[in-house]
Amino acid sequence: MRGNVFIFVFILAVLNIFFWQAFYFHETNKKYLDQIDSRLNNTNDSTPWQGCNPTQIPTTGKEAELIQYGYKLVTNTAYYLGPNGIVKHNNNALTCQSCHLEAGTKPFGNNFGKVAATYPVFRDRNNGTQTIMMRLDDCFQRSMNGQTLDSNTREMQAIKAYITWVGSDCRKTKRNLEPA
Ligand code: HEC
C-alpha cells in the first residue's frame, strides 16, 4: 500500500515537472516571437545601420595600418592625390567625404556600409562585373575629374581595406566595447 502511494506521488511529481517545463518553454518562445513581431511591425524603427565610428579603427593587427591610411585618404584626399598631392597629382581638390559624408559612415549620407557586401556586382556600364576597385576608379574619373589608379597601389589597397572595414559588423564591436 505504502509503495503504491509512493509511486503515485512520484508520478505526480514527474508529471508536474513536465507540465512546468512545457509551460515555461511555451512562454519563453512566445515572448521571443512577440519580440520579433513587434520589431517587424515597427515602422518607426529608430535604429538604421550605424556606421562604424572612426575611433573604432583597429590599431593593432595586420590590416590596421592599411585601414588607417585608407581613412586618411578618404577624409583628406586632396592632400595625397589632389592637384598638389604628395603621392600623385591625380584628381581635383574634392575629398571623398565631400560626397560620402563622415568618411562614408553616416546613415543616409551616401555611406560605404553595403559596398564590401555587395561588390562585385553586375553593371551594364562595365559590360559585366564591376569590382570595388572599378567603382573607386569611377569616382576618381567621374566625380573627381581625375584618372584611374592602379589597383596594386598602396592607396587603392588602403581605400579598399577601409571600405571593407566600414562594412564589417561594427554594431557588434560597439556592443562589445560597452560595459556589460
Ligand atoms: C562629387 C561627389 C563624389 C566624390 C567626391 C566621390 N564620390 Fe563616390 N560616389 C558618388 C556618387 C554620387 C555615387 C553613387 C551613389 C549610388 O550609387 O547610390 C558614388 C559611389 C561610390 C561607391 C559605390 C557605393 C555603393 O554603395 O555602391 C564607392 C565605393 C565610392 N563612391 C567611393 C568613393 C571614394 C573612395 C571617393 C574618394 C576617392 C569618392 N567615392 C569620391 C559621389 C562621389
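Which residues are buried in H7? I opened my notebook with that, and I kept in mind that this is a predicted model.

**Entry 1: helix H7**

I looked up H7 and found Ile132, Leu136 and Phe140 buried there. Viewed down the helix axis, these buried residues stay within an arc of 85 degrees, so they line one face of H7. I then checked the length of H7: residues 132-143 make 12 residues, and the helix reaches 15 Å from its first C-alpha to its last. That is close to the 16 Å expected at 1.5 Å a residue. Next I asked what covers the buried residues of H7, and the cover includes helix H6 (115-118) and helix H8 (154-166). Just past the end of H7, I noted that Asn145 has a positive phi of about 50 degrees.

**Entry 2: stepping back to the chain**

I wanted the overall plan before going further. I counted nine helices and two strands in the chain. Read from the N terminus, the order is α-α-α-α-α-α-β-β-α-α-α. The chain has 180 residues, and 21% of them count as buried. I also looked at contacts between residues at least 6 apart in sequence, and 51% of these join residues at least 24 apart.

**Entry 3: around the ligand**

Which residues are closest to the ligand? I found Leu94, Cys96, Cys99, Cys139 and Ser143, in a shell of 19 residues. Helix H4 (96-99), H7 and H8 are the elements that give two or more residues to this shell. H7 came up again here, as it gives the most to the shell, with five residues. I sorted the shell by residue kind and got 12 nonpolar, five polar and two charged.

**Entry 4: the largest nonpolar core**

I turned to the nonpolar residues. In soluble globular proteins, nonpolar side chains tend to be buried together. The largest nonpolar core here has 21 residues, and Val74, Ile159 and Tyr162 have the most contacts inside it. Helix H2 (64-75), H7 and H8 each supply at least two residues of this core. H8 gives the most, with eight residues. I followed Val74 a little further and left out residues up to four places away in sequence. Val74 then touches Cys96, Gln97, Ala103, Gly104, Ile159 and Tyr162.

**Entry 5: helix H2**

Val74 led me to H2, where the buried residues are Leu66, Ile67, Gly70, Tyr71, Leu73 and Val74. Why do I say that they line one face of the helix? Down the axis of H2 they fall within an arc of 165 degrees, so one face holds them. The cover over the buried residues of H2 includes helix H3 (77-81), H4, helix H5 (101-104) and H8. I checked the length too: H2 has 12 residues and reaches 17 Å from its first C-alpha to its last, close to the 16 Å expected at 1.5 Å a residue.

**Entry 6: Arg154**

My last stop was Arg154, which sits in helix H8. Is Arg154 buried, exposed or partly exposed? I found 13 C-beta neighbours inside 10 Å, so Arg154 counts as partly exposed. I also looked for a partner from elsewhere in the sequence and picked Tyr69. The two residues are 85 residues apart in sequence, yet their C-alpha atoms are 9.0 Å apart in space.

Definitions and conventions: Residues numbered from 1 in each chain as written. Predicted model: local features only at pLDDT ≥ 70, side-chain atom pairs only at ≥ 80, totals over all residues. Helix = DSSP H or I, 4+ residues; strand = E, 2+ residues; numbered from the N terminus. Expected span 1.5 Å × (residues − 1). Buried ≥ 20, exposed ≤ 12 C-beta atoms within 10 Å, placed from the backbone. Arc of directions from axis to C-beta. Contact = placed C-beta atoms within 7 Å. Near = placed C-beta within 6 Å. Nonpolar A, V, L, I, M, F, W, Y, C, P; charged D, E, K, R; others polar. Core = buried A, V, L, I, M, F, W, Y, C linked by C-beta atoms within 7 Å.
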